[in-house]
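Colleague: I am new to reading structures, so please walk me through one part slowly. Pick a loop with something unusual in its backbone, and then show me what lies around it.

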Amino acid sequence: IKNNEPDLKCLEKQSKAKFNIMPKISIVIPMYNTQENFLDELLDSILGQTYSNFELCLADGSPKENQIIKKKLEKINDTRIVYKFLNKNDGISGNTNAAIEIATGDYIAFCDHDDVLSKNALYEVVKAINENENVDFIYSDEDILVDGIRKNPHFKPDFSPDLLRSYNYICHLCVVKRELLNKVGMLNKEYDGAQDYDFVLRATEQAKNIIHIPKILYHWRAHELSTAGDSSSKNYVFEAAKKAI
């Protein structure tokens, strides 16, 4: 981390950078009984991004609207944050699709409600868009966040269809161009548990230019309810993944 990630001076420089292409990135997040402390960290990481042309689309499928979270978002009062209480839980795919439906960006970035983005995540994505013609699918490296400590860095290869047919090595951070998403369709609830795997398989099959950013831009939180901590805690994930392949 010390040798490879941007310091405060570098982050400040990034925040002043001007690109030829400045797309709007829509970060879509499905919520369900979201823990407030996790949401606080997520919001801090997103609102602290060095690239500012983004919107945060929150679709909440919780059984009851959390008034503390609602007041928190009202207090932040940032027009880039769009929150929608769904009045029903349509599962991880349905709730994510609801977030996509309120998104207006040129690119869609997928994020979980209990994870954290590196502060340079969107900057690196937009940099890749400017440096690569016709790029419509972007992914980065990631690591695991355990009790505030970053562990298990996952340094991924450039696009490898053979590896992808073995498991979803792409995972996070995943960003797709709106046109590609419109072409392949949204998440399919038949694959809940591996809905992201099914989507990645479909999207990479149709993508014009797939770019891997060899930097850790996403911190996947591991806790008692997370597959990041123990994939065996959700055995249906494996069955859904086999079905997707």
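Modeller: Let's start with aspartate 147, which counts as exposed because its relative accessibility is 77%, and the cut-off for exposed is over 50%. Keep in mind that this is a predicted model. You will find aspartate 147 in the loop that links strand E6 (137-146) to strand E7 (149-154). Now look at its backbone: phi is near 50 degrees, which is positive although the residue is not glycine. That is worth a pause, because most residues other than glycine have a negative phi.

The two strands on either side of this loop lead us to a pocket. Both E6 and E7 give two or more residues to the lining of the second largest pocket, as do helix H5 (121-131) and strand E9 (210-221). E9 gives the most, with 4 residues. The space in this pocket is about 330 Å³. Its lining has 19 residues, and those nearest the centre are Ile1, Asn4, Glu5, Lys215 and Ile216. Sorted by class, the lining holds 8 nonpolar, 3 polar and 8 charged residues.

For a companion to aspartate 147, move along to cysteine 171. Its phi is also a positive value near 50 degrees, again in a residue other than glycine. What about its surroundings, buried or exposed? Cysteine 171 counts as buried, because its relative accessibility is 15% and the cut-off for buried is under 20%. This cysteine sits in the loop between H6 and E8.

Stay in that loop a little longer. Leucine 173 also belongs to the stretch between helix H6 (161-164) and strand E8 (174-177). The peptide bond joining histidine 172 to leucine 173 is cis, with omega at about -15 degrees. Most peptide bonds are trans.

To finish, compare these loops with a regular piece of the chain. Helix H8 covers residues 195-206, which makes 12 residues; at 1.5 Å a residue these should span 16 Å, and the end C-alpha atoms are 17 Å apart, so the two values agree. Several residues of H8 are buried, among them Tyr197, Phe199, Val200 and Leu201.

Methods:
Residues numbered from 1 in each chain as written. Predicted model: local features only at pLDDT ≥ 70, side-chain atom pairs only at ≥ 80, totals over all residues. Heavy atoms only, no water. Buried < 20%, exposed > 50% of the residue type's maximum accessible area, 1.4 Å probe, protein only. Expected span 1.5 Å × (residues − 1). 1 Å grid on protein atoms, 1.4 Å probe; cavity = no way out; pocket = protein on both sides within 12 Å on 5 of 7 lines; lining within 4 Å. Points joined across faces, edges and corners; volume = space filled by probe spheres on them. Nonpolar A, V, L, I, M, F, W, Y, C, P; charged D, E, K, R; others polar.
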